[in-house]
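Here are a few friendly notes to read with the model open beside you. They go through some loop residues, then the strands, then the core.

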Amino acid sequence: MTNEFEQQANNEVEANEEMPSMEDMLAETKEVKIGDTVTGEVLTIDENNQLIVGIEGAGVEGVVPFRELSSSHVDDVTEIANVGDTLELVVVKHIKDKENGTFLLSRRRLEQKKVWKELEEKAENEETITVPVTKVVKGGLVVDAGVRGFIPASMVEDHFVRDFTPYKGKELEVKIVEINPQENRLILSHKEIAREQAEAERAEKLAQFEEGEVVEGTVARLANFGAFVDLGGIDGLVHISQIAHHHVNHPSDELEVGQTVKVKILSIDEDRDRISLSTKAATPSPWEDIEEKAPKGAELDGVVRRIVDFGAFVEVFPGVEGLVHISQISHEHVNHPSDKLEEGQDIKVKVLDVNPEEHRLSLSIKALEEAPERSESDKDEQRAPRRERKSQANNRRNKPAQAKRSQASQSSNDEDTGFSFADLLGDQLKDLNLDDSSED
């Protein structure tokens, strides 16, 4: 009997030693503060799809509302947690005197806290992120970066965009422009990425072309100075002088937007990212068979295109102009070509000479007209100017500097017209007598 009593006493002592006191229990209980990250065990799920959890080490319960379960869309609470699961949560606020828990907890905000930290690191390292567009608003695009992000309209592309509707649901690579976790502010930009991608694509396409190559393109737009042709994602310029073999007043006279054309690549400037094109060079030159179309002595129909002091340029075929020298306009004396001709006038001409290599065609109007007979008085009138020309020739010999300047000026005219000094003077030299002997 005595032994049984002693054994019972010993068991009570051991039980008392194992059972912690109230003071010990309070000492071991963790104090829960706002902003703390805690671990909670899911005790139950109520009718509002809220998680009732026990906070480990605190001896208190908390509630996780459905909206605080995840930063991404969730249809069913069981997608996140079930009874018995443990979750890492953040303490949002104290809700004393509430039946469903002492603290309001959030799994979503803890996720966002981690996301903000990751985003700050990426911003510091200048890393890009890929985000889906969740909403199109007036000022730009709302995106999901784990937290709400915003791309202003001016930062979506490197060009103007009128309608952003097609961007919804699309994923974009972006750079972090501004980040402020305290204000939940995240400003992103796709503009720089778009520019870099466009430059890389353009450089890749540029490398596909070679100078001298003939390719097909589409007229993208017209300007006063030429036409831009789309070669498949990259534009080249056809200068107005390279549109046709003949004179073009405006690109719209020959081309229209959307027209398919063949162009020859004249040059590729990779440093300036430019391609110079020519539709003219991609078509046969009208001078190639000019000796067959306009042989010496042929009579042709033409149109006066330009009038200059020394004659008139007449177009006899598209892209082929010849010179009617002032001396070849009429058998009568002509002070200025405009006295007899006007631009746009239809005339008949005779081919005096043809030079396909230099693209020169000498024409005459008077060769198709019968020369009038000259009376004795006409011959006397012709002799008088002859003396004046002789005097002028003597004066030129006495003024070499002036003659050199005149020759330089005339040389410039030769280059512009393709005709030599002698060609331009023509018959005006035939009656000039530079002999020192006196006239009869």
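**Notes on the predicted model**

1. Let me start in a loop. E126 lies between α3 (108–124) and β6 (128–137). Please keep in mind throughout that this is a predicted model. Which sign does phi of E126 have? Phi is positive, about 60°, although E126 is not a glycine. As background, most residues other than glycine have a negative phi. E126 is also exposed, with a relative accessible area of 70%.

2. N184 is worth a look for a similar reason. Its phi is near 50°, a positive value in a residue other than glycine. N184 belongs to the loop between β9 and β10 (185–189). Is N184 buried or exposed? The relative accessible area of N184 is 53%, so N184 counts as exposed, the cut-off for that label being over 50%.

3. Now to a charged residue, E157, in the loop that links β8 (148–152) and β9 (171–180). E157 is buried yet has no salt bridge. How far away is the nearest side chain of opposite charge? That side chain belongs to K170, and the distance is 5.1 Å. A salt bridge would need the side-chain nitrogen within 4 Å of a carboxyl oxygen, so K170 does not qualify as a partner. What the side chain of E157 does have is a polar contact with the side chain of Y167, at 2.8 Å.

4. Next, the barrels. Five strands close into one in the order β1-β2-β3-β5-β4, with mixed pairing. From one strand to the next, the twist averages 50°. Within this barrel, β3 (residues 60–64) and β5 (residues 103–106) pair in the parallel sense over two bridges. If you would like a spot to zoom in on, G62 stands opposite F103 in β5.

5. Another closed barrel of five strands runs β11-β12-β13-β15-β14, and its pairing is mixed too. The twist here averages 50° from one strand to the next. How do β13 and β15 run? Strand β13 (residues 235–239) and strand β15 (residues 274–278) are parallel and are joined by two bridges. L237 has S276 in β15 as its bridge partner.

6. Further along the chain, β17 and β18 form a hairpin with two residues between them. G319 sits in the turn and has a positive phi of about 90°. Six bridges join the two strands, β17 and β18, which run antiparallel. Across this pairing, A312 stands opposite V324 in β18.

7. β18 has a second partner to check. Two bridges join β18 to β20, and these strands run parallel. Here L323 is paired with S362 in β20. How many of the six residues of β18 are buried? Five are, and the strand is mostly covered.

8. Last, the nonpolar core. In soluble globular proteins, nonpolar side chains tend to be buried together. The largest nonpolar core in this model has 23 residues. Which of them touch the most other members? They are L300, V316, V349, L361 and L363. The elements giving two or more residues to this core are β16 (299–308), β17 (311–317), β18 (320–325), β19 (346–355) and β20 (360–364). The hairpin strands β17 and β18 from my sixth point are therefore both on that list.

Conventions. Residues numbered from 1 in each chain as written. Predicted model: local features only at pLDDT ≥ 70, side-chain atom pairs only at ≥ 80, totals over all residues. Heavy atoms only, no water. Pairing = 2+ DSSP bridges. Helix = DSSP H or I, 4+ residues; strand = E, 2+ residues; numbered from the N terminus. Axes fitted to C-alpha atoms, helices over the stretch in contact; angles between N-to-C directions. Core = buried A, V, L, I, M, F, W, Y, C linked by side-chain atoms within 4.5 Å. Buried < 20%, exposed > 50% of the residue type's maximum accessible area, 1.4 Å probe, protein only. Lys, Arg positive; Asp, Glu negative; His and termini not counted. Polar contact = N/O pair within 3.5 Å; in protein donor to acceptor, adjacent residues only side chain to side chain.
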